[in-house]
Amino acid sequence: MFIVIWEYAVKPDKTAEFEKEYGSAGSWAAFFQEGEGLLSTELCKDTSQRNRYITIDRWISKDAYEDFKLEFSEQYEALDKRLSVLTDKETEVGTFERL
């Protein structure tokens, strides 16, 4: 299993919209389902920093993730740009392999 984790600093007045768009039934999850290999996507909210969130995307393999990003690169960039108004900062924490 290949895991991608992103961290977000969400604008205070955009948290509800962010949670809707980035949650398991939101735009990103729906978009990832267009490709092959997504196992799950999860949104987590920090319990001590109110506007800090992470997403955890689980793929069957690194190749599946990279193939998806290559095949859907234009759509990925467009969705990322459209939703960038919800955050002050977006950082890829890292990519991980489950042992």
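Me: Before we start, two strands pair if DSSP finds at least two bridges between them, and strands (E, at least two residues) and helices (H or I, at least four) are DSSP runs numbered from the N terminus. In what sense do β2 and β3 pair, and over how many bridges?

Reply: Happy to help! This is a predicted model, where local features need pLDDT of at least 70, side-chain atom pairs count only at pLDDT 80 or more, and totals for chains, interfaces and linings use all residues. Residues are numbered from 1 along each chain as its sequence is written, and side-chain values use heavy atoms, leaving out hydrogens and water. β2 and β3 form a hairpin with 6 residues between them, and L38 stands opposite W59 in β3. The pairing is antiparallel, over 7 bridges.

Me: Why do the buried residues of α1 lie on the same side?

Reply: Buried means under 20% relative accessible area, exposed over 50%, and partly exposed in between (1.4 Å probe, protein chains only). In α1 (residues 15-22), the buried ones are T15, F18, E21 and Y22. They share a side because, going by the directions from the helix axis to the C-beta atoms, they cover an arc of only 130°.

Me: Which exposed residues does the opposite face of α1 carry?

Reply: Look at the face turned away from the buried side of α1. There you will find A16 and K20.

Me: Which side chain joins D57 in a polar contact?

Reply: D57 is found in strand β3. A polar contact is a pair of N or O atoms within 3.5 Å; within protein, one must be able to donate a hydrogen and the other to accept it, and residues adjacent in sequence count only if both atoms are side-chain atoms. At 2.3 Å, the partner of D57 is T41.
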